Amino acid sequence: MCGIVGYIGAKQAYPILIKGLRRLEYRGYDSAGVAMISQRGALNVYKTKGKVDNLTDYCTDKDVSGSIGIAHTRWATHGEPSARNAHPHYSQSHNLAIIHNGIIENYADIKAKLQEKGVAFASDTDTEVLVQLVEYIMSNRSLTLLEAVQTALFQVIGAYAIAIIDKREPTQIIVARKQSPLVVGIGESEFFIASDASPIIDYTDKVVYLEDGNIAVIRLGEELKVMGIHGEEQELKVKKVDLNLGQIEKGGYEHFMLKEIFEQPECLTNCMRGRINVEGNQVTLSALIDHHQQLLGAKRIVIVACGTSWHAGLIGKQLIESLCRIPCEVEYASEFRYRNPVVSKDDVVIAISQSGETADTLAAIQLAKEQGAFIYGICNAIGSSIPRATDTGTYIHVGPEIGVASTKAFTGQVTVLSMLALCMANKLGTISIERYRQMVSELTCIPKKMEQALQANEEIKHLARIFTYAKNCLYLGRGYNYPVALEGALKLKEISYIHAEGYPAAEMKHGPIALIDSEMPVFVIATRDRLYEKVISNIQEVRARGGRVTALITEGDEQIKQYADHVIELPDTLECFQPLIASIPLQLLAYHIAVCKGKDVDRPRNLAKSVTVE
Ligand code: G6P
C-alpha cells in the first residue's frame, strides 16, 4: 500500500515520476505528491488530494524542473486523505523531503519529544515525524544525512520503505526498507526507485531488491551502495526483471479488471506450463521434488492468507483433505499471528498471497517459522517478500495483476493448489493412478472451458443492469462452491459498493433467510455435483419467500431453469475444479454492475492492492 517512486540522473525527473506513479496507483490513490530539486537548488514539493490526474492538473503552472526527485501515491493510515497529509513531507527547514510506505508505530512518542524541543509539524502523519527526527538529529549532532537516517531508524518502531532527499546534496537519494518493498533500478548513469519494478522497466531491466534492514545510498556517478542496519556494506545482488510493458498495459480493454478476467485461460495455461507434461496426465512441482520429505511428511497443513487469497485457501483445504487425507486448516493471517496458535515442526504452513507483500501474511510466516513449521509460499509477484521468506513455494505465473479486485490471481492460486494436492496425493498413494490421471487431464481442459464461460459476457452485461440498484445481495454455494460464493460477494462489495454476503447455502436458514424478499437478489451456484439436489431445495426455500434467484448451472440443466428467474450456463467439469469456471460469471457480474453504477472499477474507494500495513 502506498506507491513510491524516485529518480536521479540526467533526464528531467518529473515525467518519469508521474509515469511511475500511474503504474503504482493500484497501491493507493487517495492523494499524490512529488518533490524535485530544481537546477537552482530549490526543493519544490507539490501534492494534492485524489488521484494522480489531480496532481498533474495542479502542477501545470508549477516549476517541475530538476533531475532528482521523489514521488508518492498514498493509501491513508494516519491522517485523513488531504493535500497536507499527502507525501512528500518537508522537514521544518524545508531542506529535506521524505516519502514513506508503511507505519511508524511509535510516532506519537517521537512527535511529542520533538514538539517539546520546538519542532513544528505541518501534517497529522506518522511519516512527517521521521523526516523531522532526521533533521533534528542532523542539526543537533552535526551528522551527515546518511548517519542521521541510520540513527533515526534505530529509534523507529514499525514498517517502512522510505526515500529521502536533501536540497543541499542534489546528487543523492537515501533509501531504506523494513517490511515494505523497495526496488532500485540501475540504468546508464541514472537510478530509479520504486515499490515494485513496474515503473522501472521502461528504462532498465537491472534491479536490486532491497532486503529488510537495508539502507542504500544512491549517488550520481557512483555505484549503488547497500548497507545493513549497522552500516556494514552488503554484496550488491543485481537481478534481471522479467516483466514486459504489454503485461502492465490495458491491451484495448476498458479496464485492467476486464482484461485480467479475459486473460484467465491464457494465465492458467502459463501456470500449468512445464508443470503438467504434454500428455496431460502427470504433474511435477519442483518444490515437491526438492522438499518431498517435509511436504509429504506433514501431519497437518495450515493455510494462512488474507482477502481473496484466503478464499483460494478454503478451496485448497477441500482439495488437500479430500485428495491427500491430511488435515488442513485455513486461517486469516491477521488472526493467526496474534492468537498464539499451536504450530509444530510437523506442520506445513502454506502462505498464499498475490502481491507477496501482505504484512499480516508475512508476520504469520514469521511466527510459524519460529515454531519450526516448514513454509510453502504460493505467490504471484516474483521476487517479492513472501517468496523470499518461505522455505519453498510455487509461483502462480499469471503476470502482473493491476485491477485492485483480484481475479486471475484467484484462479491461478486455485490452480496451483490443485496441482499441489494432486501431486502430493499421487506420491502419498491416497488416490488411484487412474483417478489421478483423469483429474490431471481434466485440469488441463480448464482453460478451454473458461473460454467457453467467458462467452456469457454479453448476457451477463445485460443481466447486470437488472441488479444495478440492488442494496443487498446474497451469494449461496455448497462444498467447493461455497468459497466461490464468498469470492463473488467480495467482488461485488469491492467495486460496486453494494452490500453482499456469501453463505453456505444450507446455513441460509439459520439467519440470512430472514433478509429475503423480492428486493434481494440471490445468486446461487448450483452446478451438478454431489450436493445438487440439496441446493435445489435451498433455491426453493428462497423462492417460497419471494426471493429473486439467479442460478449458475451446468449447461443443459433443464430442472433448475424452472425455478430460477435467470440462469447462467457453465461448462461441466469435476466438482473440485468447478470454482475455476464458476468464479468467471461472478467476476463479470461484479464488473458490469460496477460499470453500470459508474464506479472506478480498477481503483475502488478505500482499497489498495498490496496491503503492507497490518
Ligand atoms: C487486498 C487486495 C485483495 C487481496 C488481499 C490479499 O485486500 O485488495 O485483492 O486479496 O489484499 O492480498 P495478497 O496480495 O496477499 O493476496
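Here are three short exercises on helices in a predicted model, each with a worked solution.

**Exercise 1. How do H1 and H2 pack?**

Task: Find the angle and the axis distance for H1 and H2, then decide how the two helices are oriented and which residues make the contact.

Solution:

- Step 1. Locate the helices: H1 covers residues 13–24 and H2 covers residues 52–59.
- Step 2. Recall what to look for. Two packed helices are described by the angle between their axes and the distance between the axes.
- Step 3. Read off both values: the angle is about 160°, and the axes lie 10 Å apart.
- Step 4. Compare the angle with the cut-off: angles over 145 degrees count as roughly antiparallel. H1 and H2 are therefore roughly antiparallel to each other.
- Step 5. Add the handedness: the crossing of H1 and H2 is left-handed.
- Step 6. List the partners. H1 contributes Tyr14, Ile18, Leu21 and Arg22, while H2 contributes Val52, Asp53, Leu55, Thr56 and Cys59.
- Step 7. Sort these residues by character: six are nonpolar, one is polar and two are charged.

**Exercise 2. Is H1 mostly covered or mostly open?**

Task: Work out how many residues of H1 are buried, and what they pack against.

Solution:

- Step 1. Check the length: H1 has 12 residues and spans 16 Å from its first C-alpha to its last, close to the 16 Å expected.
- Step 2. Count the buried residues: nine of the 12 are buried, and H1 is mostly covered.
- Step 3. Name some of them: Ala13, Ile16, Leu17 and Gly20 are among the buried residues. Tyr14, Ile18 and Leu21, which are buried too, also take part in the contact with H2.
- Step 4. Find the neighbours. The buried residues of H1 pack against H2 and against strands E1 (3–8), E2 (31–37), E4 (68–74) and E10 (191–194).

**Exercise 3. How do H4 and H5 cross?**

Task: Describe the crossing of H4 (residues 126–141) and H5 (residues 145–155), and the residues that meet there.

Solution:

- Step 1. Start with the geometry: the axes come within 8 Å and cross at roughly 125°. That makes H4 oblique to H5.
- Step 2. Give the handedness: H4 passes H5 in a right-handed crossing.
- Step 3. Look at the contact. From H4 come Leu130, Leu133, Val134, Ile137, Met138 and Arg141, and they meet Leu145, Ala148, Val149, Thr151, Ala152, Leu153 and Gln155 of H5.
- Step 4. Group the residues of this contact: 10 are nonpolar, two are polar and one is charged.

Note on methods
Residues are numbered from 1 along each chain as its sequence is written. This is a predicted model: local features need pLDDT of at least 70, side-chain atom pairs count only at pLDDT 80 or more; totals for chains, interfaces and linings use all residues. Side-chain values use heavy atoms; hydrogens and water are left out. Axes are lines fitted to C-alpha atoms, for helices over the stretch in contact, and angles run from 0 to 180 degrees between N-to-C directions. Helices (H or I, at least four residues) and strands (E, at least two) are DSSP runs, numbered from the N terminus. Angles under 35 degrees count as roughly parallel, over 145 as roughly antiparallel, 65 to 115 as roughly perpendicular and the rest as oblique. A crossing is left-handed if the near helix is turned anticlockwise from the far one by less than a right angle, and right-handed if clockwise. Contact means heavy atoms within 4.5 Å. Ala, Val, Leu, Ile, Met, Phe, Trp, Tyr, Cys and Pro count as nonpolar, Asp, Glu, Lys and Arg as charged, and the others, Gly among them, as polar. The expected span of a helix is 1.5 Å times one less than its number of residues. Buried means under 20% relative accessible area, exposed over 50%, partly exposed in between (1.4 Å probe, protein chains only).
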